[in-house]
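I opened this entry to keep track of what I looked up, item by item. The notes follow the order in which I checked things.

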Amino acid sequence: MKKTVIYDFNNLAVRLFFSPDVYDKDVAIPDYNTWKFMMVSNVLKSIEKFSPDEVVLAVDGKGSKNWRKIVFPRYKENRKDKRDKDDIDWETFYIEYEL
């Protein structure tokens, strides 16, 4: 039987961003290099642990119409309001994420 590891890469990116090694609210700029290293390292560790035949990175594309919003228009409807109120520079986050 074929063994597959599937990653919700957007979820992984956001979870790891809030690691104390990456984001410290008392430091002006998050450590984006450590964050990117942690994302790749996380995937590589799973490959080493599970020895899959294939790895799938599920990533929502920028500007693409999210299928979840098509099915359920209220999907994450409060997220923008919450982001507007916090101190995180989400614009830079997404720029770094696309690099």
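The notes below go from a helix pair to single residues and then to aromatic rings.

**Entry 1, the model.** I am working from a predicted model.

**Entry 2, two helices.** I began with helix α2, residues 32-50, and its relation to α5. Helix α5 covers residues 90-98. How close do the axes of α2 and α5 come, and at what angle do they cross? I found an approach within 11 Å and a crossing at roughly 50°. An angle of roughly 50° falls outside the parallel, antiparallel and perpendicular ranges, so I noted α2 and α5 as oblique to each other. For the hand of the crossing of α2 and α5, I wrote down right-handed.

I then listed the residues that meet. From α2 these are Tyr32, Trp35, Lys36 and Met39; from α5 they are Thr92, Phe93, Glu96 and Tyr97.

**Entry 3, Glu96.** I picked Glu96 from the α5 side, since I wanted to see its partners. Which residues does Glu96 contact, leaving aside neighbours within four places in sequence? I got Tyr32, Trp35 and Lys36. With Lys36 there is also a polar contact between side chains, at 2.7 Å. Both Glu96 and Lys36 are in the list of residues where α5 and α2 meet.

**Entry 4, aromatic rings.** I counted 16 aromatic pairs in the model. The one I looked at in detail is Phe93 with Tyr97: the ring centres are 6.3 Å apart and the planes are at 10°, so I recorded the pair as stacked. The cut-off for stacked is planes under 30 degrees apart. Phe93 and Tyr97 both sit in α5, 4 residues apart, which is about one turn of the helix.

Are Phe93 and Tyr97 buried or exposed? Phe93 has 2% relative accessibility and counts as buried. Tyr97, at 17% relative accessible area, is buried as well, the limit being under 20%.

I followed the ring pairs outward from there. They link Phe93 and Tyr97 into a cluster with Phe9, Phe17, Phe18, Tyr23, Tyr32, Trp35, Trp90 and Tyr94. Tyr32 and Trp35 in this cluster are also among the α2 residues that meet α5.

**Entry 5, Ser46.** I went back to helix α2 for Ser46, which lies in it. Its relative accessibility is 14%, so I put Ser46 down as buried. Apart from neighbours within four places in sequence, Ser46 contacts Val5, Tyr7, Ser51 and Pro52.

Note on methods. Residues are numbered from 1 along each chain as its sequence is written. This is a predicted model: local features need pLDDT of at least 70, side-chain atom pairs count only at pLDDT 80 or more; totals for chains, interfaces and linings use all residues. Side-chain values use heavy atoms; hydrogens and water are left out. A polar contact is a pair of N or O atoms within 3.5 Å; within protein, one must be able to donate a hydrogen and the other to accept it, and residues adjacent in sequence count only if both atoms are side-chain atoms. Contact means heavy atoms within 4.5 Å. Rings of Phe, Tyr and Trp (its six-membered ring) pair if their centres lie within 6.5 Å; planes under 30 degrees apart count as stacked, over 60 as edge-to-face and the rest as tilted. Buried means under 20% relative accessible area, exposed over 50%, partly exposed in between (1.4 Å probe, protein chains only). Axes are lines fitted to C-alpha atoms, for helices over the stretch in contact, and angles run from 0 to 180 degrees between N-to-C directions. Angles under 35 degrees count as roughly parallel, over 145 as roughly antiparallel, 65 to 115 as roughly perpendicular and the rest as oblique. A crossing is left-handed if the near helix is turned anticlockwise from the far one by less than a right angle, and right-handed if clockwise.
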